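Here are some notes for a colleague who is opening this structure for the first time. They are arranged as numbered points, moving from the whole chain to individual residues.

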Amino acid sequence: MVKWAFILNLLWLSSAVNAEPVMFEILPRVCIAPADEVCEMTLTIRWHFDSPACLVNANAPDAHLLCAQEMELFSLKVQMDEGMEFLLLDASGAQILARQKIELMRKESPPLQQRRLSWSLF
């Protein structure tokens, strides 16, 4: 009896060790915009988890954007004037499964070059 319990315990542990981790990906991860403009872009979001999970914006964690166990392709249009963070929560919302940040980079306009007059002797 003890032998069977030991074998069953080993099988359970090996299945727990080989459990698939959470796959969560948001692309692109960087938005580049001019210094005084809002950045607009379309995010492509994918995830896979063993049980249903919900995508939320970290700034508004009570509003679930989408809940599913597996999402191959989800497009989301965003406008941002600062970086954003998205969370993948379990269906109950009690545990954070994964997080992904979207960085905002500002383009600086190059300084104007002083022009020399073509007829100048100096």
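How much accessible surface does the protein have, and what part of that surface belongs to carbon and sulfur atoms?

1. The model is a predicted one, and the values below should be read with that in mind. The accessible surface of the protein comes to about 9,400 Å², and carbon and sulfur atoms account for 57% of that surface. The protein has 122 residues, of which 28% count as buried.

2. On the overall layout, the secondary structure consists of one helix and six strands, and, read from the N terminus, the order of these elements is α-β-β-β-β-β-β. Among the contacts in the protein with a separation of 6 or more, 54% are made by residues 24 or more positions apart.

3. The largest nonpolar core deserves attention next. This core holds 25 residues, and the members that touch the most other members are Phe24, Leu43, Ile45, Trp47, Phe86 and Ile102. Two or more residues are contributed by each of the strands S1 (23-27), S2 (30-34), S3 (39-57), S4 (60-80), S5 (84-90) and S6 (96-107), and the largest share, eight residues, comes from S3. As general background, nonpolar side chains in soluble globular proteins tend to be buried together.

4. Phenylalanine 24, one of the core members just named, is a good residue to select on screen. Once residues up to four places away in sequence are set aside, phenylalanine 24 touches Ile45, Arg46, Trp47, Leu55, Phe86, Leu88, Ala98, Arg99 and Gln100, a list that includes Ile45, Trp47 and Phe86, which are also named among the core members with the most such contacts.

5. The peptide bond between leucine 27 and proline 28 should be checked, as it is cis, with omega at about -10°. Proline 28 belongs to the loop between S1 and S2. For comparison, most peptide bonds are trans.

6. A search of the whole structure finds two disulfides, and, with bonded cysteines counted along the chain, they follow the pattern 1-2, 3-4. One of them joins cysteine 31 to cysteine 39, with an S to S distance of 1.3 Å. Both ends of this link are buried, cysteine 31 at 4% relative accessibility and cysteine 39 at 3%.

7. The other disulfide is formed by cysteine 54 and cysteine 67, whose sulfur atoms are 2.0 Å apart, and this link is right-handed, with 110° about the S-S bond. Because cysteine 54 lies in strand S3 and cysteine 67 in strand S4, the pair ties together parts that are 13 residues apart in sequence. Cysteine 54 is buried, with a relative accessible area of 3%, whereas cysteine 67 counts as partly exposed at 44% relative accessibility.

8. Finally, is asparagine 57 buried or exposed? Asparagine 57, which is placed in strand S3, has a relative accessible area of 17% and is therefore buried, the cut-off being under 20%. The side chain of asparagine 57 reaches the backbone nitrogen of asparagine 59 at 3.1 Å. With neighbours within four places in sequence left aside, asparagine 57 is in contact with Leu65, Met84, Glu85 and Phe86, and Phe86 is also one of the core members named above.

Methods: Residues numbered from 1 in each chain as written. Predicted model: local features only at pLDDT ≥ 70, side-chain atom pairs only at ≥ 80, totals over all residues. Heavy atoms only, no water. Core = buried A, V, L, I, M, F, W, Y, C linked by side-chain atoms within 4.5 Å. Buried < 20%, exposed > 50% of the residue type's maximum accessible area, 1.4 Å probe, protein only. Helix = DSSP H or I, 4+ residues; strand = E, 2+ residues; numbered from the N terminus. Contact = heavy atoms within 4.5 Å. Polar contact = N/O pair within 3.5 Å; in protein donor to acceptor, adjacent residues only side chain to side chain. Disulfide = S-S within 2.5 Å. Areas by Shrake-Rupley, 256 points an atom, 1.4 Å probe, with all protein chains shown as cover.
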